[in-house]
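Please work through the following exercises with the sequence and the model side by side, and try each task before reading its solution.

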Amino acid sequence: MINVVSVFFKKNLLLVLIALIGLAETAYSQHSVLKTKHIVEIKNMKFNPSELTVQKGDTVVWVNRDIFPHNVTETENKKWTSATLQQGKSWSKVITESYTYYCSLHIVMQGKIIVTSKH
Ligand SMILES: [Cu+2]
């Protein structure tokens, strides 16, 4: 049994190595090309974290982990808003500038995203 496994492994070692190198390269290039994804949890009538610093082009995902529906709405000019997010639903946005936002259903719920320019 061990011999069979050993032979199988030796025969396929090169293929396994090639596959692993391929995976590592894919992971590496995705890491350097793709922007970061940040999660903001909505829980207990709060955005968490309420203040988040991201780099330009990063994606922020808001996830409603509360029992109430909420939304994510830009504060200053209502430039954008998510749909109403029921429990368990999420909404994402690519961030290119700093914003303050709130939940228009519960105006005490407020949050902030700060964009840093360094990349
Ligand atoms: Cu709300």
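The exercises below deal with strand pairing and with the nonpolar core.

This is a predicted model, in which local features need pLDDT of at least 70 and side-chain atom pairs count only at pLDDT 80 or more, while totals for chains, interfaces and linings use all residues. Residues are numbered from 1 along each chain as its sequence is written.

**Exercise 1.** Find the partners of strand β1 and state the sense of each pairing.

Solution. Strands here are DSSP runs of E with at least two residues, numbered from the N terminus, and two of them pair if DSSP finds at least two bridges between them. Begin with β1 (residues 37–43) and β4 (residues 59–64), which pair in the parallel sense over 6 bridges; within this pairing, glutamate 41 stands opposite valine 63. Then turn to β2 (residues 46–48), which runs antiparallel to β1 and is joined to it by 3 bridges, with lysine 43 opposite lysine 46. These two strands form a hairpin with 2 residues between them, and asparagine 44 in the turn has a positive phi of about 50°.

**Exercise 2.** Determine the strand order of the open sheet that has 4 strands, and explain what its edges lack.

Solution. The order is β3-β8-β7-β5, with mixed pairing. Because β3 (51–55) and β5 (73–74) each have a single partner strand, one side of each is left without a neighbour in the sheet. Strands β7 (residues 99–103) and β8 (residues 106–116) run antiparallel over 5 bridges, and tyrosine 101 has glycine 111 as its bridge partner in β8.

**Exercise 3.** List the contacts of isoleucine 113 beyond its neighbours within four places in sequence.

Solution. Counting residues as in contact if their C-beta atoms, placed from the backbone, lie within 7 Å, isoleucine 113 touches Leu52, Val54, Val60, Ile95, Ser98 and Tyr99.

Definitions and conventions
Contact = placed C-beta atoms within 7 Å.
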